[in-house]
Amino acid sequence: MKSYIPKLSDAEWIVMKIIWEKSNTTSPEIIEALRTSTTWSSKTIRTLIDRLVKKGAVKVTKTHSLNEYTPLMSQNELQRFETQSFIKKIYDGSIKLLVANFLQEENLTDKEIDELKNILNQKSK
């Protein structure tokens, strides 16, 4: 895992998902991919891409007349960091409190309960 993991805004996460899906992609490709799911202008999207480059989440490579963007960390790596950060901030680092709160508030199906039990059983081995 990288020693520095950037904190991303919600909008930056949306752009990163496109970059992870397409791996080496250009800003016109990112803009096109976001056209149907957002109301952002191309300028807004380019600003978000620039922020991701400055934060070290994305590498930019000049190819001909376009810039190509490549993720510098995996989606899984950033998700783990965000999860740990959330648990520390909201639950003082206690996964037990997170899970207990979730289980008390959610209506789970029997299948979901069985899946959670299986995960815990695997973890205890």
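Student: How do the residues lining the largest pocket divide into nonpolar, polar and charged?

Tutor: Keep in mind that this is a predicted model. The lining includes Leu98, Phe102 and Ile113, along with Lys117 and Lys123. Sorted by class, the lining comes out as eight nonpolar, no polar and two charged residues.

Student: Which helix gives the most to that lining?

Tutor: Two helices, H5 and H6 (110–124), each supply at least two residues of the lining. The pocket they help line has a volume of about 320 Å³. With six residues, the top contributor is H6.

Student: Is H4 roughly parallel or roughly antiparallel to H1?

Tutor: Look at the axes of H1 (residues 10–22) and H4 (residues 75–91): they come within 11 Å and cross at roughly 155°. Angles over 145 degrees count as roughly antiparallel. So H1 relative to H4 is roughly antiparallel.

Student: Which residues of H1 make the contact with H4?

Tutor: On the H4 side, the contact uses Gln75, Leu78, Gln79 and Glu82. Taken together, the residues of this contact are three nonpolar, two polar and two charged. From H1 come Trp13, Lys17 and Trp20.

Student: And what about H4 with H5, how many charged residues does that contact have?

Tutor: The axes of H4 and H5 (residues 95–105) come within 9 Å and cross at roughly 80°, so the two helices are roughly perpendicular. H4 brings Phe86, Ile87 and Tyr91, while H5 brings Ile95, Leu97, Leu98 and Asn101. By class that is six nonpolar and one polar, and the number of charged residues is none.

Conventions. Residues are numbered from 1 along each chain as its sequence is written. This is a predicted model: local features need pLDDT of at least 70, side-chain atom pairs count only at pLDDT 80 or more; totals for chains, interfaces and linings use all residues. Side-chain values use heavy atoms; hydrogens and water are left out. Axes are lines fitted to C-alpha atoms, for helices over the stretch in contact, and angles run from 0 to 180 degrees between N-to-C directions. Helices (H or I, at least four residues) and strands (E, at least two) are DSSP runs, numbered from the N terminus. Angles under 35 degrees count as roughly parallel, over 145 as roughly antiparallel, 65 to 115 as roughly perpendicular and the rest as oblique. Contact means heavy atoms within 4.5 Å. Ala, Val, Leu, Ile, Met, Phe, Trp, Tyr, Cys and Pro count as nonpolar, Asp, Glu, Lys and Arg as charged, and the others, Gly among them, as polar. On a 1 Å grid over the protein atoms alone, a cavity is a set of points where a 1.4 Å probe fits but cannot get out, and a pocket is an open set with protein on both sides within 12 Å along at least five of seven lines; lining residues have an atom within 4 Å of a point. Grid points are joined across faces, edges and corners, and a volume is the space filled by probe spheres set on the points.
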